[in-house]
Amino acid sequence: MNRIVIGMCVCNNEMTVANAIHSVLAQREFLRELTLFISIDSSQDASADIVQSFLPNSKIIIEHVQLGRASLNRNYIMDRVHACFPEGCILGRLDADDEICDDLTLAKVEQEWDRHRPDVMLMGNRQRDESGITPWVNRPDKRLLDPSYLQQRLEGMAAGNATCELPSCNTFIRSTLPIRYPDVRSAEDHWFSVLLLLHQHQYNIHIAEELLYCIYAINGAASSNNKDQGAYTSSRQQLLQYFIQMQQAHEPQTFAGT
C-alpha cells in the first residue's frame with residue numbers, strides 16, 4: 001500500500017475547516033503518496049467555498065453529497081476511496097473541526113504502520129475546548145483488546161465519564177476492510193471502533209499507545225447538537241448493550257443501526 005488517504009466529512013464547518021485542511025497539507029517527511037478526500041454534505045454556510053479555495057491541489061479530492069448524517073458520509077468516503085484506489089491504501093480520518101497534532105504525525109503513523117503491518121491501528125489524541133488544549137491526553141490502551149476491560153470503558157462512557165471515551169477518532173485501517181460505520185445519530189466512531197475490536201481474531205489490530213494523531217475539538221458543533229438532543233447519551237448506552245449481547249452470543253455480528 002503506497003498511499004495514505006485522510007477522509008474528511010464537511011458540514012457547516014466554515015470556522016474550522018481551513019485549519020483542518022492546513023494541518024493535513026503541512027505534513028512532511030512521509031514516503032507514501034498523500035490524498036485528502038473531502039466529502040461536503042449539505043453545507044449551508046461557506047464551508048464549500050473555503051474548501052474549493054484550496055484547489056487546484058493534486059493531493060485533494062472534493063465531492064458533494066446529500067446524505068444528512070456523518071455515519072453515512074463516512075461510509076461514502078470509505079466506498080469511494082476503495083473505488084478510487086482498489087489496490088488498497090492506509091485510510092484514516094480527520095473531522096473538519098479537528099487538526100493533526102503536528103507536521104510529523106503522518107510520518108510517525110507511516111513508520112508505526114510499517115513496523116507492525118496491521119489491518120487496524122488505534123492511536124491517541126489531545127483535546128481542545130474553548131480555553132485551548134486541555135492537559136488530559138486520551139491515550140489508547142492495549143487492554144482495549146481485553147473484552148472485560150473494553151466493557152468497563154463502555155460502561156463509563158454510558159454513564160457520562162469523559163475519561164472513559166474511546167480514542168476512536170484516531171483509527172487507521174487497511175482500506176479494503178469490509179466493516180462500515182453503523183447508521184446511528186451519535187458516537188458512530190465509537191461504534192466503528194467496537195465493531196473492529198469485536199473482530200480482533202479476524203484482523204490484526206495494533207494499539208499504538210505512545211502515538212498521538214489529532215487534536216480533537218470536544219465542543220464541536222455535531223457533538224454539542226447531539227448532547228442537546230439526547231442522542232449523545234442514548235447512543236453510548238445502546239453501544240454498551242450491543243457489546244454485552246455480542247459477548248453473550250460469542251459471535252461478532254454487523255450492527256444494522258437504529
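Leaving aside neighbours within four places in sequence, which residues is S175 in contact with? Hold that one for a moment. Some ground rules come before the answer.

This is a predicted model, where local features need pLDDT of at least 70, side-chain atom pairs count only at pLDDT 80 or more, and totals for chains, interfaces and linings use all residues. Residues are numbered from 1 along each chain as its sequence is written, and side-chain values use heavy atoms, with hydrogens and water left out.

Now the answer. S175 is in contact with V81, H82, G88, C89 and L91, once neighbours within four places in sequence are set aside. Contact here means heavy atoms within 4.5 Å. S175 sits in the loop between β8 (171–174) and α6. Is S175 buried or exposed? Its relative accessible area is 2%, so S175 is buried. The cut-offs are these: buried is under 20% relative accessible area, exposed is over 50%, and partly exposed lies in between, with a 1.4 Å probe and protein chains only.

Let's step back to the whole protein. It has eight helices and nine strands. Those are DSSP runs, numbered from the N terminus: helices are H or I with at least four residues, strands are E with at least two. There are 258 residues, and a compact globule of that length would have a radius of gyration near 18 Å; this protein has 17 Å, which agrees. That radius is taken over C-alpha atoms, and the globule rule is 2.2 Å times the number of residues to the power 0.38. Along the principal axes, the C-alpha trace spans about 50 × 40 × 35 Å.

How much is buried? Of the 258 residues, 53% count as buried. The accessible surface comes to about 11,700 Å², and 47% of that belongs to carbon and sulfur atoms. Those areas come from the Shrake-Rupley method with a 1.4 Å probe; for residues, only the protein chains shown count as cover. Now look at contacts between residues at least 6 apart in sequence. Of these, 78% join residues at least 24 apart.

Next, one helix. Helix α6 covers residues 188–198, and 11 of its 11 residues are buried. Among them are H190, W191 and F192. Just ahead of α6 is A187, in the loop between β8 and α6. A187 has a positive phi of about 65 degrees, although it is not a glycine. Most residues other than glycine have a negative phi, and most peptide bonds are trans. A187 is buried because its relative accessible area is 6%.

S42 is another positive case, with phi near 55 degrees in a residue other than glycine. You'll find S42 in the loop between β2 (33–41) and α2. Its relative accessible area is 23%, so S42 is partly exposed.

Now the peptide bond from L55 to P56. It is cis, with omega near -5 degrees. P56 lies in the loop between α2 and β3. F54 is in that loop too, between α2 (47–52) and β3 (60–65). F54 counts as buried because its relative accessibility is 13%. Not counting residues up to four places away in sequence, F54 touches A18, I21, H22, L25 and I60.

On to A96. A96 is in the loop between β4 (90–93) and β5 (99–100). Its relative accessibility is 3%, so A96 counts as buried. A96 and M15 are 81 residues apart along the chain, yet their C-alpha atoms are separated by 9.4 Å. Leaving aside neighbours within four places, the contacts of A96 include M8, C9, V10 and N13.

One strand residue: Q127, in strand β6 (residues 120–129). Q127 counts as buried because its relative accessibility is 13%. Beyond four places in sequence, Q127 touches several residues, including W136, N138 and Y216.

Last topic, cysteines. How many disulfides does the structure hold? Zero. A disulfide is a pair of cysteine sulfur atoms within 2.5 Å. Why does C11 not bond to C9? The sulfur of C11 is 9.5 Å from that of C9, the closest cysteine sulfur, and that is too far for a bond. C84 is in no disulfide either; the nearest cysteine sulfur, that of C89, is 9.5 Å away. C11 counts as partly exposed because its relative accessibility is 37%. C84 is partly exposed too, with a relative accessible area of 31%.

That's my tour.
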